[in-house]
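The following note is offered to a colleague who is new to this structure. Its points take up one residue, one strand and then the open and enclosed spaces.

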Amino acid sequence: MYAVTLDGYGGPEVMSWAQVDDLPAPGPGEVAIEVLAAGVNRADVMQRYGFYPPPAGASDILGLEVSGVVDEVGDGVRDFRPGDVVCALLAGGGYAERVNVPATQVLPVPDGVSPTAAAALPEAAATVWSNLVMTAGLRSGQTLLIHGGGSGIGTHAIQVGRALGARVAVTAGSQFKLDRCRELGATTLINYREQDFVTVMSKEYSGADVILDIMGAGYLRRNVEALAEGGDLTIIGLQDGAVAEINLGVMLSKRASVHVTNLRRRPEQGRGSKAEIITELRRHVWPLIADGSVVPVVAAEVPIADVAQAHPLLDSAETVGKVVLTMP
């Protein structure tokens, strides 16, 4: 089969579409998927640089989400059969023609969504729901602040927050991205190059009940300041550093909580597992997608042989939403 291989670590040029060893048949509880499309995520870029190795036992091929057609099922699989059109959350291996994945991490493509666009859903949906709802308990009437509103995670989080009845604020670095965030349902638009989000959130809402943060250390102090009383900060990325001091006095006075979570290294089964998250998505998020309340936002579809052109799009001022790689 063919897959994206890495010639060392570094820039996009280290990636190439090349022939690799065929995968074995799916094991017990696994599904083999012939891949139609694969989502591109920030984690793929970090792995390409050598900063985010796959968990033990996972494929070292890039790619954390795919859509495709079930080709074969392993022993014990009852929910899927060959020919089903599905999408799946992976620990790795998505940039390939074929992937084996636990059946508990596979979902049917939602009604009304094309198989290609469905590749943009599993990682964003699992990240957003597990952090905003399962961890922070976001509910109707609360205020949600999303950093990086124009990203794949951000565009999905805006829609989920709106569908849950929350007030949604976002930060982004251009008016173009902020305008698109408004179209998706954000009501407070903060250009971080020109405005201080702490000041805006304090004036408009007396702080945020939930903050979804991709930046990490560089934003930690201001994120805590921007929280409302009893607020929850969920950190899912470290784009601005991993080490910072925190003022426990401020947190104590607000009765605030800080959660730092990771999706890729969660266990397959059990409490807080990928299987639990996928079950939640099927029960709560897939109906929102089916009725049009939440839609996958795809900024670009790139042939996988041109993968070196796809990764830089994550940092483009013109990219709002996900980048998807399509198979030949």
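Why does Gln-105 count as buried?

1. The model discussed here is predicted. In it, Gln-105 counts as buried because its relative accessibility is 2%, and the cut-off for a buried residue is under 20%. The residue belongs to the loop between strand S6 (98–102) and strand S7 (106–108).

2. The surroundings of Gln-105 can be described further. Its side chain reaches the backbone oxygen of Leu-89 at 2.7 Å. When neighbours within four places in sequence are left aside, Gln-105 is in contact with Cys-87, Ala-88, Leu-89, Leu-90, Glu-268, Lys-274 and Ile-278. Leu-89 thus appears both as a contact of Gln-105 and as the residue whose backbone oxygen the Gln-105 side chain reaches.

3. Strand S15 (residues 322–326) deserves separate attention. The strand is mostly covered, with five of its five residues buried. Lys-322, Val-324 and Thr-326 point one way from S15, while Val-323 and Leu-325 point the other way, and all are buried.

4. The pairing of S15 involves two further strands. With strand S3 (residues 30–40), S15 pairs in the antiparallel sense over four bridges; Ala-38 has Leu-325 of S15 as its bridge partner. With strand S14 (residues 298–303), S15 runs parallel, and five bridges join the two. Pro-303 stands opposite Thr-326 in S15.

5. The largest pocket has a volume of about 1300 Å³. Its lining comprises 47 residues, and Arg-42, Ile-214, Ile-236, Gly-237 and Gln-239 lie nearest its centre. Two or more residues of this lining come from each of helix H1 (42–48), helix H3 (122–135), helix H4 (152–163) and strand S9 (167–172). H3 gives the most to the lining, with four residues. By class, the lining of the largest pocket divides into 19 nonpolar, 20 polar and eight charged residues.

6. The second largest pocket has a volume of about 510 Å³. It is lined by 29 residues, and those nearest its centre are Gly-57, Ala-58, Ser-59, Gly-92 and Asn-100. Strand S6, which precedes the loop holding Gln-105, gives the most to the lining of this pocket, with five residues. The lining of the second largest pocket divides into 14 nonpolar, six polar and nine charged residues.

7. How many cavities of 30 Å³ or more does the structure hold? There is one, and the volume of the largest cavity is about 50 Å³. Residues lining the largest cavity are Ala-120, Leu-121, Ala-124, Gly-152, Thr-155, His-156, Gln-159, Val-295, Pro-296, Val-297 and Lys-322. H4 supplies the largest share of this lining, namely four residues. Six nonpolar, four polar and one charged residues make up the lining of the largest cavity.

8. Two elements connect the points above. Lys-322 is a buried residue of S15 and is also found in the lining of the largest cavity. Helix H4 gives two or more residues to the lining of the largest pocket and also provides four residues to the lining of the largest cavity.

Note on methods
Residues are numbered from 1 along each chain as its sequence is written. This is a predicted model: local features need pLDDT of at least 70, side-chain atom pairs count only at pLDDT 80 or more; totals for chains, interfaces and linings use all residues. Side-chain values use heavy atoms; hydrogens and water are left out. Buried means under 20% relative accessible area, exposed over 50%, partly exposed in between (1.4 Å probe, protein chains only). A polar contact is a pair of N or O atoms within 3.5 Å; within protein, one must be able to donate a hydrogen and the other to accept it, and residues adjacent in sequence count only if both atoms are side-chain atoms. Contact means heavy atoms within 4.5 Å. Two strands pair if DSSP finds at least two bridges between them. On a 1 Å grid over the protein atoms alone, a cavity is a set of points where a 1.4 Å probe fits but cannot get out, and a pocket is an open set with protein on both sides within 12 Å along at least five of seven lines; lining residues have an atom within 4 Å of a point. Grid points are joined across faces, edges and corners, and a volume is the space filled by probe spheres set on the points. Ala, Val, Leu, Ile, Met, Phe, Trp, Tyr, Cys and Pro count as nonpolar, Asp, Glu, Lys and Arg as charged, and the others, Gly among them, as polar.
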